[in-house]
Amino acid sequence: MDGLMQPRPLTIAHILERAERLFAHKDVVTASAERLTYAEVAGHVRCLATALDSLGVPAGARVGTFAGNSRRHLELYLGVPATKRVLHSINIRLSAEHLEYIVTHAEDDVVFVDRGLLPRIWPSADRLPCVRHWVVLPDGTDTAIPADPRILDYDELISTAAPFEGSFEGAFSLADENLASGLCYTSGTTGPPKGVLYSHRSTVLHCLGTLAAGLIGLCESDVVLPIVPMFHANAWGLPYGAMMAGASLVLPGASADPAHLLGLMEAERVTVAGAVPTVWTGLAPLVRDHDLSATRFLLGGGSAVPSALSETYRAAIGVPITHSWGMTEISPVGTIGGTRTQHRDASAAEQLGVRAAQGQPLPLVNVRIVDVETGEELPRDGNAVGELQVAGPWVAGGYFRVDADGSFTADGWLRTGDLATLDAEGYLRLVDRMKDLIKSGGEWISSVELEAAIASHPDVVEVAVIARPDPRWMERPVAYVALREGGAATAEELLAHITPMVAKWWLPDEFVFRATLPKTGTGKLSKIALRDAARIA
Ligand code: ADP
């Protein structure tokens, strides 16, 4: 027997119209200190809707964005899916080759690009015949705009379009909740980039999952700063989450300059901010110079957050970095860390250990670990290490325009390529990415654990451990390290520091000191670049 509840669709159009109705006065602040209300943002979205119609962008077409975190980008986040088009947010740090591959593969019909970023993408325009229009958002540094009939101006487009007066949500049927709403490509570290195609339903459920109290738990009184770029897996859902909750948003542009970000946090009294660990590392030395007394929650993910880094923030402002694990394929939040009531009486060291874990799965997300060779499920005992697999309503079930792909199991779970343990309380601890694990003399060494140990030395700012081929042991660990300004730690000192923390045979064969380490397009440390540089790929 079926239930008798109303079969209403879950849509991003609802997020938009809810904010327009309930939180019209709440504001969105941008890098240029421009302040607009949600009512004004929604007004622009209504004009964008008719502008897209007059540009002839059909339903289902991909609309590319090549932009920093801005109010105009937010309008596209809302207006593109609310009108049944698909928002394809493009990583602004891609090589021309990857950029052209992705835009062509997605068949973007129109691309919206920050004025300041135009020089990065315009040289590719002639190799991207699918893109009929390039719409310039007047954000970022002032650059000369080429005189070309394909180029349009966003503000002009909006100001000359008549606003759509109807209900966006009303145009969705129940079946429409499964329509594609967004498209993000994975970084392509192990082959060509692959597109993850989110639906309205998956986006709304992910949003609700992260909104729940005790998780990220955004609420109306929050002021949310997504430092994580809006092209990096939907800025981890923070923009949609903030609007659903009625929280204010602070959108810092395309700059990751620490003084700029901390200045915004202080001036806007930001309560919640999210960024990858390399960004938190950059901000750490300056945190004490700012009044961050409004901050209640810092979110870190994308790669492991070293305990030492999280503790720096806890000591400085009383707020640790809450660990979250996720993937573009998981919309992206899969787990959320932090202590629970059962840890209240635990020792400080035990609590630190819990905070270092990647955390418990969000509601509706199922995780399991399996033996890499046999595929058999392993016990949740905190010891067994296996490949992490995930299933849930906001987990990808396939990739855009890719046929059979080994990323999914026969029973439909996503194979993450991560190695992890799960304990009896459901806490996930990531051991390593399968491809980053170091095999020495037949035994595995976790680069993540070694990095955490090295990062706990006060002089170390960045560290990445990679495998070097070794005739005797097959592979041996080599640590690449960047020291803080004025830091003087030597290889011997670092070795002495980590010796009590790891097994003897884990100790790196060499420490290579660099001023700074290479980063990926999403700001994580790039082991591929290090391997290439060391010619040991
Ligand atoms: P990319 O391949 O560009 O890094 P994603 O941003 O989707 O693409 O990265 C997902 C991967 O990042 C995960 O599979 C995992 O290896 C790593 N990761 C994400 N969050 C964490 C975390 N909190 N701790 C450790 N690793 C993480």
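## A walk through the predicted model

The side chain of T278 reaches the backbone oxygen of G523 at 2.4 Å. That contact is a good place to enter this structure, which is a predicted model. T278 is found in helix α10, which spans residues 277-283. Is T278 buried or exposed? T278 counts as buried because its relative accessible area is 16%, and the cut-off for buried is under 20%.

A second polar contact involves a lysine. K527 has its place in helix α15, residues 527-533. The side chain of K527 meets the side chain of S447 in a polar contact of 2.8 Å. K527 is also buried, since its relative accessible area comes to 12%.

Now step back to the domains. The domain assignment of the chain gives two entries. Domain 1 is made of two segments, 12-23 and 37-202. Domain 2 covers 437-536. Taken over C-alpha atoms, the centres of domain 1 and domain 2 are separated by 40 Å. Both S447 and K527, the partners in the 2.8 Å contact, carry numbers that fall within the 437-536 range of domain 2.

Next comes the ligand. Which residues come nearest to it? There are 16 residues around the ligand, and S324, T328, D418, R433 and K524 come nearest. By class, this shell has 9 polar, 4 nonpolar and 3 charged residues. Two strands each supply at least two residues of the shell: β14 (321-326) and β20 (428-433). β14 gives the most, with 4 residues. R433, one of the nearest residues, sits at the end of the range given for β20.

Look at the ligand's nitrogen atoms. One contact runs from a ligand nitrogen to a polar backbone atom of S324, at 2.7 Å. S324 lies within the 321-326 range of β14. H323 also falls in that range. An N or O atom in the side chain of H323 is 3.1 Å from a nitrogen atom of the ligand. G302 takes part through its backbone: a polar backbone atom there is 3.1 Å from a ligand nitrogen. How much of the ligand does the protein cover? On its own, the ligand has 570 Å² of accessible area, and the protein covers 91% of that.

Helix α8 deserves a stop of its own. It runs over residues 238-245 and is mostly covered, with 8 of its 8 residues buried. The buried residues are L238, P239, Y240, G241, A242, M243, M244 and A245. After α8 comes G246, whose phi is positive, near 85 degrees.

Finally, consider the cysteines. How many disulfides are there? The count comes to 0. A disulfide would need a pair of cysteine sulfur atoms within 2.5 Å. Two cysteines show why such a bond is ruled out for them. For C130, the closest cysteine sulfur is in C184, 17 Å away, and therefore too far for a bond. For C207, the closest cysteine sulfur belongs to C219, at 14 Å, so that pair is too far for a bond as well. Their surroundings can be described too. C130 is partly exposed, with a relative accessible area of 23%. C207 counts as buried, at 1% relative accessibility.

Technical notes. Residues numbered from 1 in each chain as written. Predicted model: local features only at pLDDT ≥ 70, side-chain atom pairs only at ≥ 80, totals over all residues. Heavy atoms only, no water. Domains from an automatic or database assignment. Near = heavy atom within 4 Å. Polar contact = N/O pair within 3.5 Å; in protein donor to acceptor, adjacent residues only side chain to side chain. Areas by Shrake-Rupley, 256 points an atom, 1.4 Å probe, with all protein chains shown as cover. Nonpolar A, V, L, I, M, F, W, Y, C, P; charged D, E, K, R; others polar. Buried < 20%, exposed > 50% of the residue type's maximum accessible area, 1.4 Å probe, protein only.
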